[in-house]
Amino acid sequence: MIGQRLEVRQGQGLVITPQLQQAIKLLQLSNLELEAFVEAELERNPLLQRDEADAGGDAAPEAANDAAPADGGEAELRFVEGSDAHAQNIDAASDDLYGDAAPGERVSDRQEDGAAAQPGLSDWSRAGPGGMADGEERERPDHRDLTLWEHLQAQASAAGLSAADHGIALTLIDATDEGGYLRADLGEIAERLGVDAARVEAVLAVCHGFEPTGVMARSIAECLTLQLVERNRFDPAMGALLENLELLARRDLTALRKACGVDAEDLSEMIAELKALTPRPGAGFGGEPAQTVVPDVHVRPDPAGGWRVELNADTLPRLLMDKRYHSVIAAGARSDTEKTFVADCAAQASWLVKSLDQRAKTILKVSSEIVRQQDAFLAFGVEFLRPLTLKTVAEAIEMHESTVSRVTSNKYVSTPRGVFELKFFFTAAIQSSDGGAAHSAEAVRRRIKTMIDAEDADGEVLSDDRIVEILNEAGIDIARRTVAKYREALKIPSSVQRRRLLKTA
């Protein structure tokens, strides 16, 4: 018989609350993504505000261990073994993670300029360019560089094209990339615009006369051809050279001489002419500004020995829940909808403040363990980078491996040896041939590059087999295909190609 019935079953399951989902999301955000998220929350939640305490104000007692800038500088968070700053597992219950107190107010030592200017006297020491005072508004010239597309559009407007041809030119310009190359099929453009392909070709020929020379070419050979034609240096031999650029890339000079029909001296001069050209004509124009990597963690030598690991306070959003405003609007709430809205905003604000504090502590704890594991790299260089896995760090700090993975995603650390992504410190292990400690894959790659960089025309050019022999003698058990893979990842040509390059250098 098929029928309906009620049953009571008991089971175990993991329920991820919305608050926990938010905490996990915050943990894997980069500092730029976190700033955008915080800005959106500030607009949405009226109870949230930035922590900008006035100078001389008393910080809350609970803020003593979080941030206390004493010199007007950045607040520093340092990981201290044995303190209550230990980060807990991100997927633990919220009651176990946090107390009732939210992170306290930070104190900044900004001083207001209280000196009043004497009447009748002008303080020219604070005057800006042109005698304008610092606070006065004045027009400033726009120093923004023209983009390649603006430069080409201006030339198209002055080229005397008809309205239809000008529209075709603008379409071609829109299909040009930052390097100055046309990345579109002319047939598709002609079909989309409803014109003949020959007309599009004719407009493109006009555009090829624009500055910089070689712009809107469809290939590297066409780009170099346009530049050689302008210099009156294009001839059949040079045309044959441009048709066989793959031989030039392989440094197969014998085949090139045969294809071009010239001797070694003429071929050398032709190659020198190509080197004087610009393969990326659009590279000299302004484009979208590159995003500068801002480290999340600073690692500095400690005068007492070891390393100091500090969070970059500039990347840490400082938020507080405005409890005074909360009490005002909570008292003024009349309907159930208003009371629910106020309660939700208060809960979200409190949880976000705690989640940001937890995120900072977790990043600091993971970074401190990575620095402890890779102490030799910081002291002596990349050849001393140790093999390291997420599991090793997770077990050392008693966290889940997925938590460590989220912390190290899109996070950067500034060290005396440069700025690195935290993922950089996790490398595969290559076993030792003599039974000793394993070697880091990154250290082996650097060792291979160092050996190849030491080659010269009069000495031995190391083949992959020879590199394997040298590494095996040094106690590194590595296969030839692994050496070839590392060499290709470093964009190092084969031994045959390197030998040709050294002979022609």
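D263, E265, D266 and E269 form a negative surface patch in this predicted model. D266 sits in helix α12, which spans residues 264-275, and is partly exposed, with a relative accessible area of 33%. Patch members must have over 30% relative accessible area and no salt bridge. The structure also holds 21 salt bridges and seven aromatic pairs.

**Salt bridges**

- E222 and R218 form a salt bridge, and their closest N and O atoms are 3.0 Å apart.
- R218 is partly exposed, at a relative accessible area of 34%.
- A salt bridge also joins E310 to R308, with the closest N and O atoms 2.5 Å apart.
- The two residues of this bridge fall into separate accessibility classes: E310 is buried, with a relative accessible area of 3%, whereas R308 is partly exposed, with 24%.
- For E455 and R498, which form another salt bridge, the closest N and O atoms are 2.9 Å apart.
- The pair E455 and R498 links distant parts of the chain, 43 residues apart: E455 is in the loop between α18 (441-453) and α19 (464-473), and R498 is in helix α21 (residues 495-504).
- Buried means under 20% relative accessible area, so E455 counts as buried at 12% relative accessibility, and R498 counts as buried at 6%.
- R5, E7 and R9 are joined into one network by salt bridges that share partners.

**Strand β3**

- V309 is located in strand β3, which covers residues 307-311.
- V309 counts as buried, with a relative accessibility of 10%.
- V309 and S414 are 105 residues apart along the chain, and their C-alpha atoms are separated by 9.8 Å.

**Aromatic pairs**

- Seven aromatic pairs are counted, among them F377 with F420, whose ring centres are 5.5 Å apart and whose planes stand at 75 degrees.
- The pair of F377 and F420 is edge-to-face because planes over 60 degrees apart count as such.
- F377 belongs to helix α15 (residues 375-380) and F420 to strand β6 (residues 418-421), so this pair ties together parts that are 43 residues apart in sequence.
- Both rings belong to residues that count as buried: F377 has a relative accessibility of 2% and F420 has 17%.
- F420 also pairs with F424, with ring centres 4.6 Å apart and planes at 20 degrees.
- The pair of F420 and F424 is stacked because planes under 30 degrees apart fall in that class.
- F424 counts as partly exposed, at 23% relative accessibility.
- One aromatic cluster is formed by F377, F420, F424 and F425.

**Backbone features**

- The peptide bond from E211 to P212 is cis, and its omega is near -5 degrees.
- P212 is placed in the loop between α7 (197-207) and α8 (220-230).
- N232 is not a glycine, yet it has a positive phi of about 60 degrees.
- N232 lies in the loop between α8 and α9 (236-243) and is exposed, with a relative accessible area of 68%.
- K491 has a positive phi of about 60 degrees as well, although it is not a glycine.
- The loop between α20 (480-489) and α21 contains K491, which is exposed, with a relative accessible area of 74%.

**Points to locate in the structure**

- For a contact between parts distant in the chain, look at E455 in the loop between α18 and α19 and R498 in helix α21.
- For the aromatic cluster, display F377, F420, F424 and F425 together.
- For the negative surface patch, display D263, E265, D266 and E269.
- For the cis peptide bond, look at the step from E211 to P212.

Key. Residues numbered from 1 in each chain as written. Predicted model: local features only at pLDDT ≥ 70, side-chain atom pairs only at ≥ 80, totals over all residues. Heavy atoms only, no water. Patch = residues over 30% accessible without salt bridge, like charges linked within 9 Å, V, L, I, M, F, W, Y side chains within 5 Å. Areas by Shrake-Rupley, 256 points an atom, 1.4 Å probe, with all protein chains shown as cover. Salt bridge = Lys/Arg side-chain N within 4 Å of Asp/Glu carboxyl O. Lys, Arg positive; Asp, Glu negative; His and termini not counted. Charge placed at Lys NZ, Arg CZ, Asp CG, Glu CD. Helix = DSSP H or I, 4+ residues; strand = E, 2+ residues; numbered from the N terminus. Buried < 20%, exposed > 50% of the residue type's maximum accessible area, 1.4 Å probe, protein only. Phe/Tyr/Trp six-rings, centres within 6.5 Å; stacked < 30°, edge-to-face > 60°.
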